[in-house]
Amino acid sequence: MQKKPTFYITTPIYYPSDNPHIGHAYTTVAADTMTRYKKMRGYNTYFLTGTDEHGQKIQRRAAEAGLDTLTFIDNIILRFKELWQTLLIDYDDFIRTTEPRHKKVVQEIFQKIYDKGDIYKSEYQGWYCTPCETFFTERQLKEGQICPDCGRPVEQMKEESYFFRMSKYEKRWLQFIEDNPDFIRPHSRRNEMVNFVKQGLEDLCVSRTTFDWGVSVPFDTRHVVYVWFDALVNYISALKESPQSGDIYDLYWPAQVHLVGKDIIRFHTVIWPIMLMAAQLPLPKTVLGHGWVLIGDTKMSKSKGNVIDPIVLSQKYSPDAIRYFLMREMGYGLDCNYSEDILALRINTDLANDYGNLLSRVTGMAKKFQGGIILPPAESTQFDKELIELAQATPQRYGQLMDEMRWSDALIELWKLINKANKYIDDAAPWNLNKCGEKGKLASVLYNIAEVMRLATIMLAPVTPSIPAKVWLQLGIADLPHLHDWESLVWGKLPYGISVSHGAPLFPRIDLNALDEIPFTALPDSLPVVAKPAQSVAPPTCSSEAQKELLLEPEISMEQFKTMDMRVVKVLDCERVQKTDKLLKFELQMGEEKRTIISGIAEYYQPAQLIGKNLIAIANLAPVKIRGIVSKGMLLSAVNDESGQLELLEVPGIESGTRVR
Ligand code: MSP
């Protein structure tokens, strides 16, 4: 059997000094999109993310919060993990630099470079920016001892340190970049880095003695390894000491892509490759430096107080919409602007009007004019051929742009097809064809639109992962997985005679006039972050004792309520999840779709008594993996918080798939 090509992609590991914001989410959504895309193209993928937990900044933040450093970090990490789950991020490993498996590899590499003579002891005298964890020379500072990167005051340092002989590698680095022109992308960033290195590389201070929150230098434990030297090693330590079985380091290293923001490109394209050269390890193929999510003309960041919580945003607009927005809005190598207006407009225009509406139009018209059946098309006219040719050419163009990681350009290309399809309907006017009895032409239009919808949905799947299942259901091809994959991006595979159904809109339209904007998150600096739903409201004041106990959830708008897709589901099978006390695994029928839901109600029911029952599920809840099983949705039950009594909501006699409002 032919071996699959591998694709190893990483995000930077995030500082858990504050909650994540949508700027952080950009990199991770991009890496997840790319992984899903490569998987569809037959690659054996590996996607790594994690947290960068050492250094003075984090130790100080924990102290300010009055918490032990690891407890402080543990809390914030829950928030990161919750965010990745909310945004449907499916990483293979989450590395934390405080894990022993990571420390071990940092020490091995430090020792190896030291043994080679490329690390030596001396004294560092200069400036340090703690928020950026970066050393600066006097010459590099802005006037008034200000950090040139973040604009905050730097601190003077004078301490015994170990130095990494970077200067020795200057020529070799320049040669490497010349031989590997795609190592730094976009190319404009490569030119910046080449100019920087040509000015002369200085040796880098790689240990500190004035604090201890870090990995000890193996041969001199008074020192901890400089946080960037430590952090960069994660890309290797995660593979070398992976919890997964087998030697995945040999399989995946060197990485195909390190995806990073432009502010940390120097660490990844100069320091990291030189560390690898010194440690005699292979270098990654590409470092892609993307732009920033801006608010106005300022980078979104906690220190600027202009942060938007992506979890709240995602709950309001759906994770698929947020993912699409991020991937579409930021051009290759450019910054992008965030405001809720821009986001809502993008959702309405691209997702609700163009893409979602295409499905509504075809299913609605098929129902009205052809009894819900997609009939065989008549012979194509020149008018049809224009659409068909574009549909045939788009996968190749889209794929090429995705391979180049030009996600926004790829989506623009895809939208040319979607827009053409909408225009094709307007020009063909199927309602007139129906009136005039032009049945053959009508069948062609509906078939061609349904086929465009199928192709567009496959291409869009890596960006909006929970949408395809909904489209397949409405197109009546949920049971035909060979029509869902990349190989099936061939015009005309959609079978004739399929029965479509007109379902809920994929992306409900947002009322821009009634936009109730999410405010910036303004957490007091010292507040430890606890990973539980943020908004719980004070109990309403009312007279009866019973009512006093009733803690109401915050109000939501009708629009928000409508985003919940509740359906009747029939229990086909139910069993306990092995080695758990609480979990039941349900196999359910929902209209024509079968799905699995895990529910933590094993203590209330015997599995057998539930088989055959009709229950209610929230069908569009983001899928989650529980004990290795993907659970898609949630079963509704009435729970008495006081007595602990729980009862599943039953709707006997109602057909599965029926919508609950
Ligand atoms: N811990 C280092 C990375 C070490 S990797 C070996 C770090 N962490 S960070 O949390 O400050 O930033 C992580 C990533 O988020 C960086 O790539 C950074 O560019 C990105 N972003 C942070 N704010 C951003 C925006 N407003 N917009 C886009 N990306 C941004 O740096």
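Here are three short exercises, with worked solutions, on the structure above.

You're looking at a predicted model, where local features need pLDDT of at least 70, side-chain atom pairs count only at pLDDT 80 or more, and totals for chains, interfaces and linings use all residues. Residues are numbered from 1 along each chain as its sequence is written, and side-chain values use heavy atoms, with hydrogens and water left out.

**Exercise 1: the ligand**

Work out which residues surround the ligand and which elements they come from.

*Solution.*
- Step 1: Find the neighbours. The ligand has 24 residues around it, and the closest are I13, D52, G261, D263 and V293. (Here a residue is near if one of its heavy atoms lies within 4 Å.)
- Step 2: Look for N or O pairs within 3.5 Å, called polar contacts. A ligand oxygen sits 2.5 Å from a side-chain N or O atom of D263. One ligand nitrogen atom is 2.7 Å from a side-chain N or O atom of D52, and a ligand nitrogen atom is 3.3 Å from a polar backbone atom of G23.
- Step 3: Check the cover. On its own the ligand has 660 Å² of accessible area, and the protein covers 95% of that (Shrake-Rupley method, 1.4 Å probe).
- Step 4: Name the elements. Two or more shell residues come from each of α1 (22–40), α7 (227–232), α8 (234–240) and β12 (257–261); α7 gives the most, with three. (Helices are DSSP runs of H or I with at least four residues, strands are runs of E with at least two, and both are numbered from the N terminus.)
- Step 5: Sort the shell. You get 13 nonpolar residues, eight polar and three charged. (Asp, Glu, Lys and Arg are charged; Ala, Val, Leu, Ile, Met, Phe, Trp, Tyr, Cys and Pro are nonpolar; the others, Gly among them, are polar.)

**Exercise 2: two helices**

Describe how α12 and α15 pack.

*Solution.*
- Step 1: Take the geometry. α12 (residues 319–329) and α15 (residues 407–428) pack at about 105°, with axes 6 Å apart. (Axes are lines fitted to C-alpha atoms over the stretch in contact, and angles run from 0 to 180 degrees between N-to-C directions.)
- Step 2: Classify it. The angle makes α12 roughly perpendicular to α15, a label for 65 to 115 degrees.
- Step 3: List the partners. Y324, M327 and R328 of α12 meet W407, S408, L411, I412 and W415 of α15; contact means heavy atoms within 4.5 Å.

**Exercise 3: unusual backbone**

Where are the cis prolines P186 and P254?

*Solution.*
- Step 1: R185 and P186 share a cis peptide bond with omega about -5°; P186 lies in the loop between β7 (184–185) and α6 (187–198).
- Step 2: The W253 to P254 bond is cis too, omega near 5°, and P254 is in the loop between α9 (248–252) and β12.

Technical notes: Polar contact = N/O pair within 3.5 Å; in protein donor to acceptor, adjacent residues only side chain to side chain. Parallel < 35°, antiparallel > 145°, perpendicular 65-115°, else oblique.
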